[in-house]
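This report describes how one protein chain is folded. Please examine the sequence and the structure shown below before reading on.

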Amino acid sequence: SVLSRLSDFAMAEDLNDDWWEETAPTESKKRGHEEEDDGGAQEAQLDVEDREPESAGDAASVAPATKKAKKKKAGRKQFENPVEEHRGQLASSASASGIFWKDFVASIGDGLSALELDEIKVDESHFVQPAVGHDGSWEAIGDYLVAAAPGGSDALTPSKKLQKKSPRILIITGSAVRGCDLLRGLAKVRSTGMIGKFFAKHMKFSQQTKFMDQHTFAIAVATPGRLTKLIDEAGLSLDSTLLTVIDYSYLDQKNRNIFQVAEVRKDLAVLLQRTLLPLCVGGNMRLTLY
């Protein structure tokens with residue numbers, strides 16, 4: 001009867017009986033599961049683009065979602081590869097200094113005024129770029145150091161003249177994994193003696209401090225953040241460092257070099273600004289882009 005139907009309707013309204021939402025999962029829930037399973041933004045985009053709208057209203061709602069998904073996808077583009085573009089120019093001190101300065105200024109942003117930048121500006125006279133062909137691999141680092149270091153292989157050899165807590169050769173890289181690979185390459189160079197391993201995942205800070213107290217070392221491999229901490233808190237000195245190698249050729253999985261990785265770029269800029277560039281301008285330190 002009409003009265004019984006009205007009564008049933010009122011009861012459903014009081015109980016907020018949303019039974020239709022439980023009988024089948026909604027499109028948004030389906031897409032939510034797909035995004036969790038497959039890492040999702042791409043799946044969500046395909047779902048929106050492939051589904052045929054049932055009405056003009058549906059079409060209007062799909063259009064902005066498609067545009068947003070495409071925008072997200074575009075934002076995940078890999079970085080352009082500056083190394084391949086500049087690799088031939090790295091053998092020249094003049095061009096290498098220009099490449100370096102451009103990347104440094106971009107990484108420092110608006111942190112320094114024009115006057116402050118001018119005080120630490122380096123040019124080709126502060127660079128050593130040997131005409132040694134290499135592909136940026138860890139296997140080639142030993143031969144490159146012999147060609148680039150002042151005094152050749154003698155600079156890589158420990159001696160009684162080494163100053164404590166101060167390497168002759170410093171290699172700055174963007175990750176601990178890459179640092180370990182470079183150490184494997186240096187193992188091929190005879191008579192390097194002890195090597196400082198200054199990155200976070202290999203040794204604890206306390207172990208690195210103890211190592212510096214007990215040993216002298218001609219070469220150190222470091223990440224920018226850990227190196228700065230050792231300088232500030234453990235007495236590491238770069239006063240006797242003759243050559244700093246910046247691991248420029250190495251690219252991560254997203255095609256980024258050391259100046260482009262967000263987690264490293266800021267630490268590297270601070271290290272260059274506060275320590276390395278003043279030692280180049282006012283001292284004997286030289287730079288090279290590997």
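## The sheet

In this predicted model, five strands form an open sheet in the order β2-β3-β1-β4-β5, and their pairing is parallel. The edges of the sheet are β2, residues 195-198, and β5, residues 286-289. Each of these edge strands pairs on one side only. From one strand to the next, the twist averages 15°.

## Strands β1 and β4

How many bridges join strand β1 to strand β4? There are 4 bridges between β1, which covers residues 169-172, and β4, which covers residues 243-246. These two strands run parallel. Within this pairing, I172 stands opposite I246 in β4.

## A helix on the sheet

Helix α9 comprises residues 141-148 and packs on the sheet. The strands that helix α9 touches are β1, β4 and β5. The direction of helix α9 makes about 135° with the direction of β1.

## The chain as a whole

The protein chain contains 13 helices and 5 strands. Of its 290 residues, 41% are buried, a term that here denotes a relative accessible area under 20%.

Contacts can also be described by how far apart the partners lie in sequence. Among contacts in the protein chain between residues at least 6 apart in sequence, 70% join residues that are at least 24 apart.

What area does the protein chain expose, and what share of it do carbon and sulfur atoms supply? The exposed area is about 16,600 Å², and carbon and sulfur atoms supply 50% of it.

How values were computed: Residues numbered from 1 in each chain as written. Predicted model: local features only at pLDDT ≥ 70, side-chain atom pairs only at ≥ 80, totals over all residues. Heavy atoms only, no water. Pairing = 2+ DSSP bridges. Axes fitted to C-alpha atoms, helices over the stretch in contact; angles between N-to-C directions. Contact = heavy atoms within 4.5 Å. Buried < 20%, exposed > 50% of the residue type's maximum accessible area, 1.4 Å probe, protein only. Areas by Shrake-Rupley, 256 points an atom, 1.4 Å probe, with all protein chains shown as cover.
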